[in-house]
Amino acid sequence: MIKDVNEEDIENILQFSVFDQDQDITSNYNLVVTYGKLVIKPREITIKSNTSSLVYNGKEQDDKTYEILDMGLAGDDEINVFSAAKLKDCGSTENEIKCKIISTDELGNHSDNTYNYSITYEYGTLTIQKKPV
(Lines give C-alpha, C1' and ligand atoms only; values in the text may rest on other atoms or scores of the structure.)
Protein backbone atom coordinates (compact mmCIF):
# COMPACT_ATOMS: atom_id res chain seq x y z
CA MET A 1 0.00 0.00 0.00
CA ILE A 2 1.35 3.43 -0.91
CA LYS A 3 0.41 6.28 1.41
CA ASP A 4 2.73 9.22 0.92
CA VAL A 5 4.90 11.01 -1.64
CA ASN A 6 8.16 9.54 -0.32
CA GLU A 7 7.21 6.04 -1.40
CA GLU A 8 8.01 4.75 -4.87
CA ASP A 9 5.34 4.42 -7.54
CA ILE A 10 3.78 0.97 -7.51
CA GLU A 11 1.84 -1.05 -10.05
CA ASN A 12 -1.89 -0.81 -9.45
CA ILE A 13 -2.55 -4.57 -9.55
CA LEU A 14 -6.06 -5.94 -9.16
CA GLN A 15 -7.40 -9.48 -9.30
CA PHE A 16 -10.51 -10.20 -11.34
CA SER A 17 -13.11 -12.95 -11.28
CA VAL A 18 -16.20 -13.39 -13.44
CA PHE A 19 -19.32 -14.73 -11.79
CA ASP A 20 -22.68 -15.91 -13.09
CA GLN A 21 -24.73 -15.32 -9.98
CA ASP A 22 -22.85 -17.43 -7.39
CA GLN A 23 -20.80 -19.52 -9.83
CA ASP A 24 -17.20 -18.54 -10.67
CA ILE A 25 -16.88 -18.78 -14.48
CA THR A 26 -13.55 -16.96 -14.81
CA SER A 27 -11.95 -19.95 -16.55
CA ASN A 28 -14.30 -19.40 -19.50
CA TYR A 29 -12.69 -16.05 -20.27
CA ASN A 30 -9.30 -14.91 -21.48
CA LEU A 31 -8.91 -11.76 -19.37
CA VAL A 32 -6.27 -9.32 -20.58
CA VAL A 33 -5.50 -6.66 -18.02
CA THR A 34 -3.22 -3.66 -18.44
CA TYR A 35 -2.03 -2.28 -15.12
CA GLY A 36 -1.24 1.36 -14.52
CA LYS A 37 0.94 3.01 -11.88
CA LEU A 38 -0.34 4.39 -8.61
CA VAL A 39 1.38 7.68 -7.76
CA ILE A 40 0.79 9.91 -4.75
CA LYS A 41 1.45 13.57 -5.51
CA PRO A 42 1.76 16.34 -2.91
CA ARG A 43 -1.56 17.96 -2.00
CA GLU A 44 -1.58 21.61 -3.06
CA ILE A 45 -2.78 24.03 -0.40
CA THR A 46 -2.60 27.77 0.15
CA ILE A 47 -2.17 29.16 3.66
CA LYS A 48 -3.08 32.81 4.09
CA SER A 49 -1.84 34.67 7.16
CA ASN A 50 -4.10 37.14 8.92
CA THR A 51 -3.97 40.90 8.45
CA SER A 52 -4.06 42.47 11.88
CA SER A 53 -3.66 45.81 13.55
CA LEU A 54 -2.39 45.83 17.12
CA VAL A 55 -1.76 48.67 19.56
CA TYR A 56 1.82 49.40 20.71
CA ASN A 57 2.53 47.77 24.10
CA GLY A 58 6.34 47.95 24.28
CA LYS A 59 6.74 44.21 23.56
CA GLU A 60 7.23 42.21 20.38
CA GLN A 61 3.86 41.19 18.98
CA ASP A 62 2.81 38.72 16.30
CA ASP A 63 -0.31 37.16 14.83
CA LYS A 64 -0.10 33.46 13.97
CA THR A 65 -3.70 33.15 12.79
CA TYR A 66 -4.32 31.90 9.26
CA GLU A 67 -6.88 30.40 6.96
CA ILE A 68 -6.51 27.51 4.57
CA LEU A 69 -7.64 28.20 1.04
CA ASP A 70 -8.22 25.55 -1.63
CA MET A 71 -9.15 22.01 -0.61
CA GLY A 72 -7.64 22.00 2.89
CA LEU A 73 -5.73 19.32 4.73
CA ALA A 74 -6.08 15.57 4.33
CA GLY A 75 -7.54 13.42 7.08
CA ASP A 76 -6.76 14.58 10.60
CA ASP A 77 -3.62 16.53 9.65
CA GLU A 78 -3.12 19.80 11.52
CA ILE A 79 -1.11 22.95 10.94
CA ASN A 80 1.56 24.04 13.41
CA VAL A 81 2.69 27.65 12.87
CA PHE A 82 6.27 27.69 14.11
CA SER A 83 7.32 31.13 12.90
CA ALA A 84 5.56 34.46 12.39
CA ALA A 85 6.59 38.05 11.67
CA LYS A 86 7.09 40.15 14.82
CA LEU A 87 6.92 43.88 15.41
CA LYS A 88 7.70 45.86 18.54
CA ASP A 89 7.57 49.48 17.33
CA CYS A 90 4.86 51.22 15.34
CA GLY A 91 4.79 50.37 11.65
CA SER A 92 3.76 47.60 9.26
CA THR A 93 5.34 44.48 7.79
CA GLU A 94 4.31 41.46 5.78
CA ASN A 95 2.81 38.91 8.20
CA GLU A 96 5.08 36.10 7.07
CA ILE A 97 4.34 32.77 8.73
CA LYS A 98 5.95 29.36 8.34
CA CYS A 99 4.10 26.14 9.08
CA LYS A 100 4.51 22.41 9.47
CA ILE A 101 1.79 19.89 8.77
CA ILE A 102 1.51 17.44 11.64
CA SER A 103 -0.10 13.99 11.53
CA THR A 104 -1.14 12.03 14.60
CA ASP A 105 -1.36 8.24 14.46
CA GLU A 106 -3.80 6.02 16.36
CA LEU A 107 -1.36 5.82 19.31
CA GLY A 108 -1.15 9.62 19.63
CA ASN A 109 2.35 9.89 18.12
CA HIS A 110 2.97 13.05 16.08
CA SER A 111 5.01 13.20 12.88
CA ASP A 112 5.94 15.91 10.40
CA ASN A 113 3.84 15.33 7.29
CA THR A 114 4.79 18.57 5.48
CA TYR A 115 6.50 16.68 2.64
CA ASN A 116 3.07 15.42 1.50
CA TYR A 117 1.97 19.00 0.74
CA SER A 118 2.92 21.66 -1.77
CA ILE A 119 2.33 24.84 0.26
CA THR A 120 1.81 28.29 -1.20
CA TYR A 121 1.74 31.18 1.26
CA GLU A 122 -0.24 34.41 0.94
CA TYR A 123 0.74 36.97 3.55
CA GLY A 124 -1.43 39.54 5.24
CA THR A 125 -0.05 42.64 6.96
CA LEU A 126 0.95 43.02 10.59
CA THR A 127 0.59 46.61 11.83
CA ILE A 128 1.48 48.16 15.20
CA GLN A 129 -0.46 51.36 15.83
CA LYS A 130 0.40 54.19 18.19
CA LYS A 131 -0.99 53.82 21.68
CA PRO A 132 -3.49 56.52 22.55
CA VAL A 133 -2.72 58.48 25.72
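## Exercises on strands, core and rings

Leaving aside neighbours within four places in sequence, Leu31 is in contact (heavy atoms within 4.5 Å) with Phe16, Val18 and Thr26. The structure here is a predicted model, in which local features need pLDDT of at least 70 and side-chain atom pairs count only at pLDDT 80 or more, while totals for chains, interfaces and linings use all residues. Residues are numbered from 1 along each chain as its sequence is written, and side-chain values use heavy atoms, with hydrogens and water left out.

### Exercise 1: Leu31

Place Leu31 in the chain, then state how accessible Leu31 is and how far Leu31 lies from Leu69.

*Step 1.* Look for Leu31 in the loop between S3 and strand S4 (37–38). Strands (E, at least two residues) and helices (H or I, at least four) are DSSP runs, numbered from the N terminus.

*Step 2.* Leu31 has a relative accessible area of 41%, so Leu31 is partly exposed. Buried means under 20% relative accessible area and exposed over 50%, with partly exposed in between (1.4 Å probe, protein chains only).

*Step 3.* From C-alpha to C-alpha, Leu31 and Leu69 are 45 Å apart in space, and they are 38 residues apart in sequence.

### Exercise 2: an open sheet

Work out the strand order of the open three-stranded sheet, and explain why S8 and S11 each have one side without a neighbour in the sheet.

*Step 1.* The order is S8-S10-S11, and the pairing is antiparallel. Two strands count as paired if DSSP finds at least two bridges between them.

*Step 2.* Strand S8 (78–84) and strand S11 (110–112) stand at the edges with a single partner strand each, so one side of each lacks a neighbour in the sheet.

*Step 3.* From one strand to the next, the twist averages 40°. The axes are lines fitted to C-alpha atoms (for helices, over the stretch in contact), and angles run from 0 to 180 degrees between N-to-C directions.

*Step 4.* Now zoom in on strand S10 (residues 97–104), which pairs with S11 in the antiparallel sense over three bridges. Ile102 stands opposite Asp112 in S11.

### Exercise 3: the partners of S5

Which strands do bridges join to S5, and in which sense does each run?

*Step 1.* Strand S12 (residues 117–122) runs parallel to S5, joined by six bridges. Here Ile45 stands opposite Ile119.

*Step 2.* Strand S7 (residues 66–70) runs antiparallel to S5, joined by five bridges. Thr46 stands opposite Leu69 in S7.

*Step 3.* Stay in S7 for Asp70, a residue other than glycine with a positive phi near 70°. Most residues other than glycine have a negative phi. Asp70 counts as exposed, at 56% relative accessibility.

### Exercise 4: the largest nonpolar core

List the residues of the largest nonpolar core and find strands that supply at least two of them.

*Step 1.* Such a core is a set of buried Ala, Val, Leu, Ile, Met, Phe, Trp, Tyr and Cys residues joined through side-chain atoms within 4.5 Å.

*Step 2.* The largest has 10 residues: Ile45, Ile47, Leu73, Ile79, Val81, Ala84, Ile97, Cys99, Ile101 and Tyr117.

*Step 3.* Strand S5 (43–49), S8 and S10 each supply at least two residues of this core.

*Step 4.* Take Leu73 and set aside residues up to four places away in sequence: Leu73 touches Arg43, Ile45, Ile68, Glu78, Ile79, Ile101 and Tyr117.

### Exercise 5: rings and charges

Find the aromatic pair, classify the pair, and look for lysines over rings.

*Step 1.* A search of the whole structure finds one aromatic pair. Its rings belong to Tyr121 and Tyr123, with centres 5.9 Å apart and planes at 15°, so the pair is stacked. Rings of Phe, Tyr and Trp (its six-membered ring) pair if their centres lie within 6.5 Å; planes under 30 degrees apart are stacked, over 60 edge-to-face, and the rest tilted.

*Step 2.* Both tyrosines are partly exposed, Tyr121 with a relative accessible area of 22% and Tyr123 with 25%.

*Step 3.* The charged end of Lys98 sits over the ring of Tyr121, 4.7 Å from its centre. Likewise, the charged end of Lys100 sits over the ring of Phe82, 5.7 Å from its centre. The criterion is NZ of Lys or CZ of Arg within 6 Å of the ring centre and within 35 degrees of the ring normal.
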